[in-house]
Amino acid sequence: MSKKNDSKNEEMRFEHDPKGPIGEFFAPIAGYGVTISSFFRPTVTEQYPREPARVMPRFHGRHQLNRYADGLEKCIGCELCAWACPADAILVEAASNTPEAQYSPGERFGNVYQINYLRCIFCGMCIEACPTRALTMSNDFELATYTRADDIYEKQDLLVPLSDGMLAPPHPMVEGLNDGDYYRGAVSGATQSQIDWVKEHRPEDPSLANARVVAKEEVR
């Protein structure tokens, strides 16, 4: 209810409706209503770090550099993530792929990749700018270290480990496919010719032990 002061010099003020006798009696108790009701609810305290913390599926945690199904890196060294970063926390230096050293589909790959977590604000603008989904953010939030130098993550710290069936780069692309076919998901794993190439050039490569031949999918 609005109430206007009789004085012409004062503007109208809006006040709460007056409480009755019962409202005045229970007013102090109503202030503790939320607190009192919580006494009868189950405890939801998370026992971290004794138990893993639960985060939302799209939580912005530590970054990771992804691979294709045959092991080649998705990063092409375009530096769009570095340009999109508002905190200037990312450094990317590209290098050219060669027939003897093919690290990613196409002409270039990310030779140097650094993220300075002393600057990173976990906004996610870098992963939105990535054209190949090479850079994504995981749910890992345990990034505390004892030295400032350890907060600068290098490429080897961000690159995801090889899954079963993948070959460690460098190695040639799947025969008959180009970088556009990789981006469209036409590669489902390593082929026999890729495995043979790694055996010829790096016979002691440990990824050969878990490499599995997967037939090349038809390009749509």
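The UniProt annotation "binding site", from an unreviewed entry, covers four cysteines: Cys75, Cys78, Cys81 and Cys130. These residues span 56 residues in sequence, yet no two of their C-alpha atoms are more than 10.5 Å apart, so they gather at one spot. I should state at once that the model under discussion is a predicted one.

Allow me to take two of these cysteines in turn. Cysteine 75 is located in the loop that runs between β3 (63–65) and α3 (80–84). Its relative accessible area is 12%, and cysteine 75 is therefore buried, the cut-off being under 20%. Leaving aside residues up to four places away in sequence, cysteine 75 is in contact with Ser104, Arg108, Phe109, Gly110, Tyr113 and Ala134.

Cysteine 78 also belongs to the loop between β3 and α3. Is this residue buried or partly exposed? With a relative accessibility of 30%, cysteine 78 counts as partly exposed. On the same basis of sequence separation, leaving out residues up to four places away, cysteine 78 touches Arg108 and Pro131. Arg108 is thus a contact of cysteine 75 and of cysteine 78.

I turn now to the largest pocket, which holds about 170 Å³ of space. Its lining consists of Pro57, Arg58, Phe59, His60, Ile127, Glu128, Arg133, Thr136, Met137, Ser138 and Asn139. Which secondary-structure elements each supply at least two residues of that lining? They are α4 (125–129) and β6 (135–137). In chemical character, the lining residues divide into 4 nonpolar, 4 polar and 3 charged.

Notes:
Residues numbered from 1 in each chain as written. Predicted model: local features only at pLDDT ≥ 70, side-chain atom pairs only at ≥ 80, totals over all residues. Heavy atoms only, no water. 1 Å grid on protein atoms, 1.4 Å probe; cavity = no way out; pocket = protein on both sides within 12 Å on 5 of 7 lines; lining within 4 Å. Points joined across faces, edges and corners; volume = space filled by probe spheres on them. Helix = DSSP H or I, 4+ residues; strand = E, 2+ residues; numbered from the N terminus. Nonpolar A, V, L, I, M, F, W, Y, C, P; charged D, E, K, R; others polar. UniProt positions renumbered as here; feature names shortened; annotations may be inferred. Buried < 20%, exposed > 50% of the residue type's maximum accessible area, 1.4 Å probe, protein only. Contact = heavy atoms within 4.5 Å.
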